[in-house]
2 protein chains.
Amino acid sequence: MKRSMKIDRDNLDDLALGTAFISTGGGGDPYLCQLALHAAIAEKGPVQLIDPDDLDDDATIMSMGGVGAPMIGSEKLPNGFEGVYAVRKLEEYLGIKCDALIAAEIGGGNGLVPLLTGLHMGLPVVDADGMGRAYPATQMETFSIYGISATPMAAVDEFGNGAVITTDDSTTAERILRQVSLAMGGQCTAADHTMTGRDVRNYAIRNTVSLSVELGRVVRRSKDFAGLLEATGPLLVDAGYGAPVNLFEGKVIDLHREMVGGYDVGEFVIASFDDSQQMTIKVQNEYLIAIVNGQCIATVPDLICVVDRETLLPITSERLRYGLRIGVIGIPAPALYKTPEAMAFTDPRAFGFDIDYTEMAGTD
Amino acid sequence: MKRSMKIDRDNLDDLALGTAFISTGGGGDPYLCQLALHAAIAEKGPVQLIDPDDLDDDATIMSMGGVGAPMIGSEKLPNGFEGVYAVRKLEEYLGIKCDALIAAEIGGGNGLVPLLTGLHMGLPVVDADGMGRAYPATQMETFSIYGISATPMAAVDEFGNGAVITTDDSTTAERILRQVSLAMGGQCTAADHTMTGRDVRNYAIRNTVSLSVELGRVVRRSKDFAGLLEATGPLLVDAGYGAPVNLFEGKVIDLHREMVGGYDVGEFVIASFDDSQQMTIKVQNEYLIAIVNGQCIATVPDLICVVDRETLLPITSERLRYGLRIGVIGIPAPALYKTPEAMAFTDPRAFGFDIDYTEMAGTD
């Protein structure tokens with residue numbers, strides 16, 4: 001199904017809700033970018049999304065987004081033009097012009113960054129992204145996984161200071177990028193993966209911007225956690241994900257989080273409301289692994305999403321706190337993340353855990 | 001006085017001794033680069049030095065050298081072509097060709113890096129440098145101090161992975177560069193400060209390559225510590241430094257050193273041979289401040305140099321160890337480092353010490 005839409009002031013808030021829902025905790029809280037987008041749309045009009053099918057084969061597309069520990073993003077305010085600096089720097093380095101932008105990851109604020117940048121630059125935004133969620137590292141983007149070079153990669157700060165990184169592999173680019181983000185106060189903005197329209201069609205997770213709008217609408221309209229699960233199901237399946245699963249409901253009773261090497265790293269524990277069970281979730285910016293009674297019940301690359309069980313609002317990892325009553329939703333990853341090539345970069349071992357990928361409990 | 005010389009296999013070892021002598025502890029042990037240069041000179045012939053006065057006004061010169069904690073350099077072996085990768089990357093970024101190379105710092109191995117790179121690239125090396133010693137940071141180069149932009153700056157590793165850094169000021173460039181060095185295993189090689197022949201004449205510390213050869217010869221020929229001090233005096237004064245001073249003689253009785261933020265940081269204590277006095281020297285890659293009885297007797301930007309009191313061989317900071325019997329030599333900095341502009345970047349406060357610059361005791 002081909003979907004083509006505009007993002008305007010009427011559906012922007014749903015989009016922000018949806019990107020946070022599908023973020024798996026990372027990508028940053030959308031709030032600040034959402035405010036900047038409201039102002040930019042009021043001034044310049046809506047953002048035109050392009051369906052991947054409508055891209056010219058040889059169109060030039062750049063992937064982009066913020067890089068850093070999400071915790072930093074709640075204290076270090078952006079000026080809103082970081083994306084412009086990053087894309088311009090990459091254009092200058094390559095001596096080419098970009099035709100459209102695509103989100104490196106749809107999850108969280110990073111799902112909105114290309115829209116704000118696109119408005120400022122007069123560029124459309126592809127209705128797709130490179131992760132279908134958020135992940136903590138460049139080499140986990142489908143583009144990198146399926147052979148698009150992440151570099152040259154431009155990383156900039158809010159003053160326009162920048163670094164153009166060139167490496168032979170995405171993992172090395174990520175290592176340098178992460179250190180550059182530390183030099184820039186713990187967060188920077190990157191443009192990378194210069195690719196063609198054909199590449200986007202082959203390797204992007206498709207229609208995740210419009211999906212997020214629909215997910216946000218469902219979040220907003222749902223009356224309870226069960227209703228949310230039920231209503232998101234058809235949207236996710238239609239978009240190529242598996243059907244969502246209720247992994248756990250309970251209260252956050254322990255939370256450990258620190259900034260390590262440019263990431264928010266830690267874990268938190270949820271007790272079921274009847275206190276009969278506990279779930280531990282391991283975090284590296286994103287929710288990576290869910291464990292109950294010493295047993296993994298969900299792991300990357302499948303999605304682990306957290307919502308407030310009362311308001312149904314999605315909770316990004318830096319907003320976790322003791323006492324929150326949450327619902328944990330598992331969503332099987334799209335097909336592009338279930339291949340051996342993709343698993344090599346996104347299964348638990350790729351994150352340093354001595355744990356095998358576990359098919360999500362409760363799925364068919 | 002204009003000096004023009006070649007560096008060949010006969011004077012290379014003296015050069016290495018001299019760069020270590022004048023290093024103030026940093027710039028890395030010259031040994032590995034010295035071996036690589038012996039091999040390169042045997043194959044390609046001597047390195048031609050150019051006197052700054054012989055540079056065309058509009059010649060394009062790039063400053064270069066290794067970046068990182070010296071301790072890393074004794075474990076992470078270079079392949080010898082890092083400088084070539086760095087200069088080529090900067091040339092490509094700027095779309096220009098470099099006419100000659102100049103050492104960012106003459107101190108230690110970094111005094112030899114441009115020679116090795118120049119041989120590989122067929123480029124001459126200017127008989128001068130940007131520090132007249134070694135300092136731990138880019139913004140401390142005379143070129144930066146006197147208004148030459150440090151960026152674009154290319155930083156590379158031994159695989160050719162790289163980052164081209166662009167910033168408005170050298171201090172920010174240094175902060176990013178230092179993080180990039182960490183991503184590259186604690187050490188990288190940089191090319192920066194693209195400038196003209198005229199700039200070199202105005203802002204470089206002149207003839208420090210040939211000075212180092214002469215200092216090395218004196219180190220090799222001197223019979224004792226007093227003789228070394230006496231023999232280096234006229235050379236240093238002739239080159240624009242102050243007359244060297246005997247700051248302390250004694251035995252290393254305590255040494256604290258750790259890698260912090262990409263630097264070797266610490267301090268060491270020397271007891272006089274009669275045990276009547278102790279000197280503490282503060283280190284950040286380089287020897288920065290010398291304190292006796294709570295009193296600063298020498299500080300940056302003046303040079304604090306350390307030699308083995310028995311062999312007279314210079315001791316770079318990563319080679320310090322308990323029990324070494326050393327002589328500490330103070331050398332007043334050249335005039336370019338005694339201006340208010342230069343002091344703002346190189347006095348003790350620029351290194352975070354709550355200490356004012358102290359005119360060196362024992363000098364006129």
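1. Two strands are taken to pair if DSSP finds at least two bridges between them. On that footing, in this predicted model, β7(A) and strand β7 of chain B, residues 162–166, pair in the antiparallel sense over five bridges. Within this pairing, Thr166(A) has Gly162(B), in β7(B), as its bridge partner.

2. The wider contact between the chains draws 15 residues from chain A and 15 residues from chain B. On the side of chain A that touches chain B, the elements giving two or more residues are β7 (162–166) and α7 (170–183) of chain A, and the largest share, seven residues, comes from α7(A). Sorted by class, this side of chain A holds seven nonpolar, six polar and two charged residues.

3. As for symmetry, a turn of 180° with a shift of 0.0 Å along the axis lays chain A on chain B with an RMSD of 0.0 Å, and that is the relation of a two-fold axis. Of the interface residues of chain A, 100% are also interface residues in chain B, so the copies meet through the same surface.

4. Turning to the sheet within chain A, seven strands form an open sheet with antiparallel pairing, and their order is β14-β13-β12-β11-β10-β16-β15. The edges are occupied by β14 (295–299) and β15 (303–308) of chain A, each of which has a single partner strand, so one side of each is left without a neighbour in the sheet. On average, and with direction ignored, neighbouring strands of this sheet are turned by 35° against each other.

5. One pairing inside that sheet can be followed in detail: strand β12 of chain A, residues 278–284, runs antiparallel to strand β13 of chain A, residues 286–292, and six bridges join the two. Here Thr280(A) has Ile291(A), in β13(A), as its bridge partner.

6. A helix is also placed against this part of chain A, since helix α10 of chain A, residues 225–238, lies across β10 (245–260), β15 and β16 (325–331) of chain A, and runs at about 25° to β16(A).

7. In chain B, the hairpin of β13(B) and β14(B) deserves a separate look. Strand β13 (residues 286–292) and strand β14 (residues 295–299) of chain B run antiparallel and are joined by four bridges, with Ala290(B) standing opposite Ala298(B) in β14(B). Two residues lie between the strands of this hairpin, in which Asn293(B) takes a positive phi near 50°.

How values were computed
Residues are numbered from 1 along each chain as its sequence is written. Chains are lettered from A and ligands numbered from 1 in the order in which they are written. This is a predicted model: local features need pLDDT of at least 70, side-chain atom pairs count only at pLDDT 80 or more; totals for chains, interfaces and linings use all residues. Axes are lines fitted to C-alpha atoms, for helices over the stretch in contact, and angles run from 0 to 180 degrees between N-to-C directions. Two residues are in contact if their C-beta atoms, placed from the backbone, lie within 7 Å. Copies are superposed by least squares on the C-alpha atoms of residues with pLDDT of at least 70 in both. Ala, Val, Leu, Ile, Met, Phe, Trp, Tyr, Cys and Pro count as nonpolar, Asp, Glu, Lys and Arg as charged, and the others, Gly among them, as polar.
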